[in-house]
Amino acid sequence: LVNQVVSHLVQAIRSKDGAFSSIERQSAGSYYERLKISEPNEFDIMLVMPVARLQLEESDDTGAYYYLTFKRNPKEKNLLKFLDEDGKLSAFKMLQALREIIKQEVKNIKNVDVTVTRKKAGSPAITLQIKNPPSEISVDIILTLEVQQSWPASTQDGLKIEQWLGTKVRRELKYRSLYLVAKQNKREKVLRGNTWRLSFSHIEKAMMNNHGNSKTCCESDGPKCCRKGCLKLLKYLLEQLKMKYPKELEKFCSYHVKTAVFHSCVMWPNDTDWHLGDLDHCFQKCLGYFVECLQKSQLPHFFIPKYNLLSLEDKASNHFLSRQLSHQLNNRFPLFQE
C-alpha cells in the first residue's frame, strides 16, 4: 500500500516542478533496518535530491545544523527560487513547495484513501495518513539533499568504529555522500526555517546491516549475535514508557536509544561480547549504559561528538526516564510482563 502511494507521488513530484525532477526515493528508519517492533504502521521515506556543491555554514555550536548557500553559478538553476533574502537555501520554502504538490496529488490517487496531515511546527516531515481499515498507516516523507562532498569538520572525531567495524569500513563510510534534511533548528533565536540538519540514516542502515566485528556475524552460516535484539528491546521499553508518561517523556525518541546502542557496540566491539544466548545480559549492559547517560545528561551524537543529544536544560526529564528505566531493571521488567 505504502509503495503504491509513494511511487505515484514520486512520479508526480518529478513531473510537476523542475526543481524536484531528480528526486529519488530512499527508505530509512526502523522498518527498513528490520528493527520495527510493533505493527508496521509507520514508515519513513526519504525523498533524496542530488545537489552538486554547497557551502555549509554552521548555524550554532552543535555542529549538526547548517545554513546552505550555493557556490558560484550552481547547476541547479531551478533551486534559486528557494533562496531566502540572504541567499540561503530555505528548507521552509522547499518543504512548502513539495507539500503543495503532494497535497494536490493525493487527490488523484484513486483506490486508496490518503490525506496529508496538518503541518507540525519544526517537523522536517510531510506526513501522510493512509486509511487501511481497521487501522491507519502513517508515512513520513522527508526532504533530503544529497551532496557529493566531504563531511564537515564537526564529524571529524565521530564514527569511532575502528575497533568494532575496522578502519577500512570507517574510511569507506566517510567517503559516502552527505545527507542534509530540512529540519528547523529549535535553538535559533529567529525561526526563519532556513536551517538543514545533517542526517546519517544511510550510514546507520549500512552499519546495522553489517554490524559484526567478524565479517560473517548474523549471515546465513555465520554466528548469530544479539545487537539488534538489544536495540529492539530498548526501543520497546522506551515506546511503552512513552505511552505511559507521554508528557514527561515527549523529548525522547528511538534515536536516543539507537545512539546508545551504537556507543555500546564500540565499547564492546567483539562479536563474542554479543552472543545470541546472552541477550538478557547484553540488554542489561546497554540499558545500564543508557541510564548512566541520562543521569549525566550526556549522550554524544554518534557522528558529531560535540553534539549532546540530552541537553542539560532537560535534566528533569532525563532523570525521570532514568528512574523509570532503573525501576524496570531492578524489578525484572514489569512492562515486559504486561
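**Overall build, domains and a few unusual residues**

Of the 338 residues in the protein chain, 52% count as buried, where buried means under 20% relative accessible area, exposed means over 50%, and partly exposed covers what falls in between (1.4 Å probe, protein chains only). This is a predicted model, in which local features need pLDDT of at least 70 and side-chain atom pairs count only at pLDDT 80 or more, while totals for chains, interfaces and linings use all residues. Residues are numbered from 1 along each chain as its sequence is written, and side-chain values use heavy atoms, with hydrogens and water left out.

The protein chain holds 9 helices and 9 strands; these are DSSP runs numbered from the N terminus, with helices being H or I of at least four residues and strands E of at least two. The radius of gyration is 21 Å, close to the 20 Å that the globule rule gives for 338 residues, so the chain is as compact as a globular protein of that length. That radius is taken over C-alpha atoms, and the rule is 2.2 Å times the number of residues to the power 0.38. Along its principal axes, the C-alpha trace spans about 55 × 50 × 45 Å.

Contacts here mean heavy atoms within 4.5 Å. Taking those between residues at least 6 apart in sequence, 64% join residues at least 24 apart. As for the outside, the accessible surface of the protein chain comes to about 16800 Å², and 50% of that belongs to carbon and sulfur atoms. Areas come from the Shrake-Rupley method with a 1.4 Å probe; for residues, only the protein chains shown count as cover.

The domain assignment splits off domain 1 (1-200) and domain 2 (211-336), with bounds that come from an automatic or database assignment. Their C-alpha centres lie 26 Å apart. Across the boundary, 28 residues of domain 1 are in contact with 24 residues of domain 2.

Now for the backbone oddities. Most residues other than glycine have a negative phi, and most peptide bonds are trans. Pro133 and Pro134, however, are joined by a cis peptide bond, with omega at about 5°. Pro134 sits in the loop between strand 6 (125-132) and strand 7 (135-147). Further along, Arg332 is not a glycine, yet has a positive phi of about 55°. Phe333 also has a positive phi, near 55°, and is likewise a residue other than glycine. Arg332 is in the loop between helix 8 (315-330) and helix 9 (334-337), and Phe333 lies in the loop between helix 8 and helix 9 too. As to burial, Arg332 counts as exposed at 71% relative accessibility, whereas Phe333 is buried with a relative accessible area of 8%.

Two helix residues round out the picture. Phe262 belongs to helix 6 (residues 254-267) and counts as buried at 3% relative accessibility. Leaving aside neighbours within four places in sequence, Phe262 is in contact with Trp164, Glu204, Met207, Met208 and Phe302. The C-alpha atoms of Phe262 and Leu159 are separated by 9.3 Å, though these residues are 103 apart along the chain. Ser201, for its part, is found in helix 4 (residues 201-209). With 15% relative accessibility, Ser201 counts as buried. Again leaving aside neighbours within four places in sequence, the contacts of Ser201 are Ala28, Glu33, Met46 and Tyr179.
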